[in-house]
Amino acid sequence: MTENKIHISNIPLHLIAYTFALLIALGLRFALIGQHPLNNVEASLALQALATGKGQAVSLSGEPGYLGLTALIFFIFGGSDFWARFTPALIGSISILVPLLFRPWLGNRVSLLLAFLIALDPVLISASRAADGRVFALFGLLAGIGFLLKKKPVLGGICLGIALSGGPGVWTGILILVGMALVSRFPMAHNSLEYPTNLSKNQWVKVIAGTAVTLVVISTQFFTYPAGISAAGSSLAEYFTSFGETAGNIVMGSSAAWLLVELPFIILALWGLIDGLVRKDELARLPGVWWGLGLVLTLVTTASGTGYFYWVSIPILVLTAIKVNDLTRQSAGENRIVFLAEAFLVFALIIFSFLNLLALVNNPALTPDETRNRIIGALLPLILLVVLTILLSWGWSASSTRKGFIAGVMVMLSLMAFSNAWKASGLGSKPQYEFVDYGGHPVGSKTLKSTIADISRWNTGFENRIDIVMVALDQPSLRWALRDYENLILQSGYNPDQSPSLILTGTDQTISSSTSYRGQKFLWAVQPQFSAMRLTDWVKWAVFRTAPEEKTELILWARNDLFAGTTTE
């Protein structure tokens, strides 16, 4: 019996580590994905997938990968918020294994660190939890390049086909790769990367065939919906129409939000980039080029909101992994007590300073004396930290003090990164204020659906049988929420000759009818207004996720005779 037991000591350590990273990724990407209602852009795609899964003709967006696979899932399991986000969350979770393809160039330790960073990156978590094709484009392209470098043309072609099915965002990745390829033709003087020899003509044929077959199979929903191939052709047109259509203040607001959620990684990545360029390291230069190109392309394709910021995350994480690997190889130094004391001082004094800063921005009604005391309380710990660091370095050990300071900062950055990852996973107290790139968060979905279901049940005996008319509401999230209602009608304007049981309108529209109605206002969705935020607002948002908001309100009109003791007159 003991011979059949599997001993943990016999399992390779790197396999255990990657499994742990995969479990973290799965947890953060699947947490509560069925509890948060779809926003407008997600709902628009989900409605398309739901229609094509039923064989209905519909105008398709340029994301055939998401539409094709989600339509198949809807056909098998039915439409729901969970299944609408299932495929992106699964691909986003599996993506932590992509660094395995680049181990010959990154090394074992850096690849493993990169897997954990991908699992924890808040931008990649948000992209993986969204009901769209962004993760198809990103990780399909990365996996495809990885397999091509390892000379596996069939697998490379399949992944590239998945990438091309991921929507307009794939073209940002392709432009970045072109830029990196041009830069790589001029290697640095030292420490150049070695690339494998070119693929043979026969291998390229396999790549092209695999890409084409995968794209066609996914787009046509395994040949059950031939019209789906049209979505593949529209992604390029959608991409170029996204250039320069949004005001600059929106770009600045989105960029500031991105900077805050990625700040722990950006600090380490900048450090690693500067250090690598000084050492003329090609492994630092290429991610630096990727970072710069990705950021420029993201900012100029402003019509996509913040949708393409995920392309910037990968080079930042690569540089972060390289720097963390260098730092963790260093010992505590010759004086461990000094090392621990300095690390504790960094952690405690920075926390104390930050708490005073929060108290200052959260209490605008402070008296001048209280404001002065809070400012002193925020600055004094930092001054004290500088003085104590100098004394420890001068009186005991400069090496141990420096390493202790770095260790304390690393702990702080790790806590910030985990906090942002937790909030990006929808586990925070205010998911409606997270770093999102489109639409509004339908905070009133549950209340509105419950109210309509109660009225329907009272009058028809079923919660989805009552007739509803939506008047001049361009809200895909609302249509998705009411998708199960059999008698839902969409109208561009109200017809006074009709007298439906329920009418949904915006707050700026009234109902003029011979039939008597009563109305109830509902808060349907909220969206953070990053472009209107000041410095103090950003500090609050970074910690508490509070922000100025734009509200979308609806009015539900119910015919009077639906209620006991009333008539339509």
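Me: In this predicted model, is Phe 418 buried or partly exposed?
Reply: Phe 418 has a relative accessible area of 46%. Buried means under 20%, and exposed means over 50%. The value of 46% falls in between, so Phe 418 is partly exposed.

Me: Which helix holds both Phe 418 and Trp 422, and how far apart are they in sequence?
Reply: Both residues lie in helix H18. About one turn of the helix separates them. Trp 422 has 40% relative accessibility and counts as partly exposed. The helix is H18, and the spacing is four residues.

Me: How many aromatic pairs does a search of the whole structure find?
Reply: One of the pairs is Trp 258 with Phe 309, at 5.0 Å centre to centre. Another is Phe 418 with Trp 422, a tilted pair with 35° between the planes and 6.1 Å centre to centre. The search finds 14 aromatic pairs.

Me: Why does the pair of Trp 258 and Phe 309 count as stacked?
Reply: Planes under 30 degrees apart count as stacked. The Trp 258 and Phe 309 planes meet that cut-off, so the pair is stacked. The angle between the planes is 20°.

Me: Where do Trp 258 and Phe 309 sit, and how many residues apart are they?
Reply: Trp 258 is in helix H13 (residues 248-278). Phe 309 is in the loop between helix H14 (282-300) and helix H15 (310-328). Trp 258 is buried at 5% relative accessibility, and Phe 309 is buried at 2%. The pair links distant parts of the chain, 51 residues apart.

Me: Which residues form one aromatic cluster with Trp 83?
Reply: The cluster includes Trp 83 along with several Phe residues. Its other members are Phe 30, Phe 77, Phe 82 and Phe 86.

Me: Which residue forms a salt bridge with Arg 85?
Reply: The closest N and O atoms are 3.1 Å apart. Arg 85 lies in helix H4 (residues 81-94) and its partner in helix H2 (residues 40-53), so the pair ties together parts 43 residues apart in sequence. Arg 85 is buried at 5%, and the partner is buried at 4%. That partner is Glu 42.

Me: Which residues meet Arg 457 in salt bridges?
Reply: One bridge has an N to O distance of 3.1 Å, to a residue about one helical turn away in helix H19 (residues 445-460). Another has an N to O distance of 2.9 Å. Arg 457 is partly exposed at 38%. The partners are Asp 454 and Glu 463.

Me: What does the side chain of Thr 401 reach at 3.4 Å?
Reply: Thr 401 is found in helix H18 (residues 398-424). At 2% relative accessibility, Thr 401 counts as buried. Its contacts beyond four places in sequence include Val 338, Glu 342 and Leu 392. At 3.4 Å, the side chain reaches the backbone nitrogen of Ser 393.

Me: Why is strand S1 largely enclosed by the rest of the structure?
Reply: S1 spans residues 467-471. The strand is largely enclosed because of its buried residues. They number four of the five.

Me: Which strands are joined to S1, and by how many bridges?
Reply: S2 (residues 487-491) runs parallel to S1, with Asn 487 as the bridge partner of Asp 467. The chain crosses from S1 through helix H20 (residues 476-481) to S2 in a right-handed β-α-β crossover. S3 (residues 502-506) also runs parallel to S1, with Leu 504 as the bridge partner of Met 470. Five bridges join S1 to S2, and three join S1 to S3.

Definitions and conventions: Residues numbered from 1 in each chain as written. Predicted model: local features only at pLDDT ≥ 70, side-chain atom pairs only at ≥ 80, totals over all residues. Heavy atoms only, no water. Buried < 20%, exposed > 50% of the residue type's maximum accessible area, 1.4 Å probe, protein only. Helix = DSSP H or I, 4+ residues; strand = E, 2+ residues; numbered from the N terminus. Pairing = 2+ DSSP bridges. Right-handed = clockwise from strand over helix to strand, strands pointing away. Polar contact = N/O pair within 3.5 Å; in protein donor to acceptor, adjacent residues only side chain to side chain. Contact = heavy atoms within 4.5 Å. Salt bridge = Lys/Arg side-chain N within 4 Å of Asp/Glu carboxyl O. Phe/Tyr/Trp six-rings, centres within 6.5 Å; stacked < 30°, edge-to-face > 60°.
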